[in-house]
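Student: I'm new to this one and would like to learn how to read it. Can we go through it feature by feature?

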Amino acid sequence: MGALQIRAGDLRTLIDIYVETTSGTGGFKTTSYAKSFSCWSQWVNAHGTDAIVADANQVQKIATVTVRYNALIKENCKVY
């Protein structure tokens with residue numbers, strides 16, 4: 001598998017990464033998101049069939065976001 005080639009100049013959009021935090025005990029747990037850090041990214045809005053499928057599924061926003069590797073980014077993070 002080939003590596004993705006991206007230049008530092010392609011990372012032009014500053015985004016905020018939020019991590020999931022859970023508080024409470026037992027059946028009274030609440031989930032919220034707290035800002036972890038900001039980083040530069042390449043943001044490409046969806047187009048073509050991706051946009052049509054997203055619209056059909058009532059997705060609010062769909063895009064491809066590329067960032068440099070960061071160990072703090074997990075599956076349960078959100079991008080703002």
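Tutor: Sure, let's start with strand pairing: two strands count as a pair if DSSP finds at least two bridges between them. Keep in mind that this is a predicted model. Here, strand 1 (residues 13-23) runs antiparallel to strand 2 (residues 30-45), with 11 bridges joining them.

Student: Which residue in strand 2 is the bridge partner of V19?

Tutor: That's A34. Between these two strands of the hairpin sit six residues, and G24 takes a positive phi near 100 degrees there.

Student: How many bridges join strand 1 to strand 4?

Tutor: Two, and those strands run antiparallel. In strand 4 (residues 78-79), K78 is the bridge partner of Y18.

Student: Now pockets. How do I read those?

Tutor: Rolling a probe the size of a water molecule over the atoms shows where empty space is left. In this model the largest pocket holds about 180 Å³ of space. I15, W43, A63, V65, K78, V79 and Y80 line that pocket. Strand 3 (63-67) and strand 4 are the elements giving two or more residues to the lining. By class, you get six nonpolar residues, one charged and no polar.

Student: Why is C39 not bonded to C77?

Tutor: A disulfide needs two cysteine sulfurs within 2.5 Å. The sulfur of C39 is too far for a bond because its closest cysteine sulfur, in C77, is 10 Å away. The structure holds zero disulfides.

Student: Is C39 buried or exposed?

Tutor: C39 is buried, at a relative accessible area of 15%. C77 is buried as well, at 19%.

Key. Residues are numbered from 1 along each chain as its sequence is written. This is a predicted model: local features need pLDDT of at least 70, side-chain atom pairs count only at pLDDT 80 or more; totals for chains, interfaces and linings use all residues. Side-chain values use heavy atoms; hydrogens and water are left out. Helices (H or I, at least four residues) and strands (E, at least two) are DSSP runs, numbered from the N terminus. On a 1 Å grid over the protein atoms alone, a cavity is a set of points where a 1.4 Å probe fits but cannot get out, and a pocket is an open set with protein on both sides within 12 Å along at least five of seven lines; lining residues have an atom within 4 Å of a point. Grid points are joined across faces, edges and corners, and a volume is the space filled by probe spheres set on the points. Ala, Val, Leu, Ile, Met, Phe, Trp, Tyr, Cys and Pro count as nonpolar, Asp, Glu, Lys and Arg as charged, and the others, Gly among them, as polar. Buried means under 20% relative accessible area, exposed over 50%, partly exposed in between (1.4 Å probe, protein chains only).
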